[in-house]
Amino acid sequence: MNPPNPAIVTRGAARPLPRWALLLLCLAYVVPGFVARSPWKNADVTAFGYMLELARGATDWMSPSLAGMAPDTDGLLPYWLGALAIQAAPSWLPADMAARLPFAALLVATLAATWWGMYHLARSPAAQPVAFAFGGEASPPDYARAMADGALLALLACLGLAQLSHEVTSYLTQLAFTALLFFAAASLPRRSLPALAATLAAAAAGLLGLVLSGAPTLAMLLGGGSALLVACTAGADDDGAASARPSPAPRWAGGVALALLTALAAGLAGGLDLWRWRIVTEDEAKEWQSLVRLLIWFAWPAWPLALWTLWRWRRQIVSRTLHRHLLLPLWFVAVTVSATVTTQPADRALLLGLPALATLAAFALPTLRRAIASLIDWFTLLFFSASAIAIWVIWIAVQTGVPAKPAANVAKLAPGYTAEFSALAFGVALLATLAWCALVGWRVSRNRTEIWKSLVLPASGAALGWLLLMTLWLPLLDYGRSYRPQSENLARVLGADPGCLLVHGLGRAQTAGLQYHGNWTMLPVTRASEIRHSECRWLVADASTQRTVDRLTRNGGWEQVAVVPRPTDRGDQLLVLRRLGAGPGGGQP
């Protein structure tokens, strides 16, 4: 006998979020951050550098390199996607924007897979709300749509999603393929052959994509656990909407198929030699305090709602009958949190668990008490309203100099920055702020019954903050986080036609940023003989390698002409040396 279901949902509470509003919210979240900005340090510009080298044919597709340096991640699929997009893009589209297009599609796929995964889990009989004695309870399709809306809102509300989901890195591809695998496991077993084929195709794409993105271990753990859950819950926790239709295969066949796909992915990882030991060593052990802080802010507000779900649905979790709608997202969260604790970088590992964590959070919505829902609303209202006001005040200060203190702080943090005004960015930010004000008025002036109501303000507030940053603050963020200002200053030193550049001690991000913005031919050197026999007139080195550079050039023939810092980071400086007799080549920055 199944334990009692804690969800009590009326027909009115299962009304879905208007489609136009949901699509507009997703559009406001996805587009900013992918358009009109430069590649940012460190992971974003580094990945883009490899994509650009591949697109130009300057390196091998199976072993890409950047100035002689191999990638610091094993997954090649992200580089291939970006490089192919650059090659296919028209000439008028900047290379960095072209490289972002497939990654924007991956973010859209993540949102869609989370919605559909929750929809199928909510259709499970064990997830359905309690039936009323005289009717009036929510119908299964309406309930599933409302719950899927709640899961998508919970995902958009997670604070840690915004920046990492807009970078052209392997972490976004891993997130998208994890979401695809989650959707496939949530929707198995399917009754019709076309639906079953589409679901298995999503599972194959998720598993193989994770392997090719550099996460074979996660693919094996998530795929193997999902296959076991699907096989064990296929009979007891099936999709009730399809129970009347004949099955083309045994109920457990979906789990077996998923297990075979997992084995195929494991074979691919072995064939490509992608298995790596990534557990942190004792010297790299993480501080528990920093991990706790990361878990608190990165997955806010999904994690407290997920904990509430575990408490209110605890009888179904510990019952003898396995219920996939709870155990599947719980497995995905457990695996990714374990990876967060044991691998580097922690925030990238935790990113992969957000779709499943948002699903768990959505199951709390039918059981929330009014006091808790009100607390979420008021905290969200105050937090995001204060954040929006701060963004506007600082932007006004940068533009006008008033208030004076924020303007002085920006001038101190970003010396040399000149304020830019964009009518388009201002208009979009103003419309978004007015929409937030209207949404707040709608939420606080009515006693809404929809189960997703408690996540409307958190998701909209996160989208508002991200959109304001990517419109009002975008020029300032570009100045502080890209290599464009440093490249422009370096170009003033090198002059109009510097020829090739010898470089020493530059990291991947530095090399990628300077190479893209400066469009220079950069030749890495590590020995004095390479410098001596080169015909290049300029040598650019990281300032931290000053002693090594002095040793490499101690035989004379070179003079240091400038030190070029990044304006927002005085610790990131470039030494510029010129071969004696090579000509002035330009002025000082």
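# Briefing: helix α23, H166, β5 pairings and salt bridges

Helix α23 is followed by N519, whose phi is positive, near 55 degrees. The model is predicted. Of the 11 residues in α23 (residues 508-518), 9 are buried, so this helix is largely enclosed by the rest of the structure. Further points concern the loop residue H166, strand β5 and its partners, and the salt bridges, for which the count comes to 12.

**Helix α23 and its cover**

- The buried residues of α23 are A509, Q510, T511, A512, G513, L514, Q515, Y516 and H517.
- Helices that cover these buried residues include α2 (43-55), α4 (95-122) and α22 (484-494).
- Strands also contribute to the cover, including β2 (522-524), β3 (538-542) and β5 (569-579).

**Strand β5 and its partners**

- Strand β4 (residues 558-566) pairs with β5 in the antiparallel sense, over 8 bridges.
- The two strands β4 and β5 form a hairpin, with 2 residues between them.
- A562 stands opposite V576 in β5, and E559 has R578 in β5 as its bridge partner.
- Strand β3 also runs antiparallel to β5, and 5 bridges join the two.
- In that pairing, L539 has L577 of β5 as its bridge partner.
- β3 and β5 also appear among the elements that cover the buried residues of α23.

**H166**

- H166 sits in the loop between α6 (161-164) and α7 (170-187).
- H166 counts as buried because its relative accessibility is 1%, the cut-off for buried being under 20%.
- A polar atom of the H166 side chain lies 3.1 Å from the backbone oxygen of P32.
- The side chains of H166 and S165 are joined by a polar contact of 3.2 Å.
- Leaving aside residues up to four places away in sequence, H166 touches Y29, V30, P32, G33, F34, R37, L107 and W466.

**A104 and the segment around V31**

- A104 is placed in helix α4 and, at 16% relative accessibility, counts as buried.
- Not counting residues up to four places away in sequence, A104 touches V30 and F34; V30 and F34 are also among the residues that H166 touches.
- A104 and L575 are 471 residues apart along the chain, and their C-alpha atoms are separated by 37 Å.
- V31 lies in the loop between α1 (19-30) and α2.
- At 35% relative accessibility, V31 counts as partly exposed.
- V31 belongs to a nonpolar surface patch of about 500 Å², made together with W20, L24, L27 and V35.

**W473**

- W473 is found in the loop between α20 (456-469) and α21 (474-481).
- Contacts of W473, not counting residues up to four places away in sequence, are with I391, I394, W395 and L468.
- From C-alpha to C-alpha, W473 and K412 are 16 Å apart in space, with their positions 61 residues apart in sequence.

**Salt bridges**

- Side chains of opposite charge can pair when their charged atoms come close.
- R100 and D96 meet through their side chains in a salt bridge of 3.5 Å, N to O.
- Because R100 and D96 are 4 residues apart in helix α4, they are separated by about one helical turn.
- An α-helix has 3.6 residues a turn, so residues three or four places apart point the same way.
- R100 and D96 are both buried.
- E530 and R527 form a salt bridge between their side chains (3.3 Å, N to O), and E530, at 28% relative accessibility, counts as partly exposed.
- In the salt bridge of R348 with D347, the closest N and O atoms are 3.0 Å apart.
- R348 counts as buried at 15% relative accessibility, whereas D347 counts as partly exposed at 22%.
- E167, D347 and R348 are joined into one network by salt bridges that share partners.

Note on methods: Residues are numbered from 1 along each chain as its sequence is written. This is a predicted model: local features need pLDDT of at least 70, side-chain atom pairs count only at pLDDT 80 or more; totals for chains, interfaces and linings use all residues. Side-chain values use heavy atoms; hydrogens and water are left out. Buried means under 20% relative accessible area, exposed over 50%, partly exposed in between (1.4 Å probe, protein chains only). A polar contact is a pair of N or O atoms within 3.5 Å; within protein, one must be able to donate a hydrogen and the other to accept it, and residues adjacent in sequence count only if both atoms are side-chain atoms. Contact means heavy atoms within 4.5 Å. Patches are made of residues with over 30% relative accessible area and no salt bridge: like charges are joined within 9 Å, nonpolar side chains (Val, Leu, Ile, Met, Phe, Trp, Tyr) within 5 Å. Accessible areas come from the Shrake-Rupley method with a 1.4 Å probe; for residues, only the protein chains shown count as cover. A salt bridge is a side-chain nitrogen of Lys or Arg within 4 Å of a carboxyl oxygen of Asp or Glu. Two strands pair if DSSP finds at least two bridges between them.
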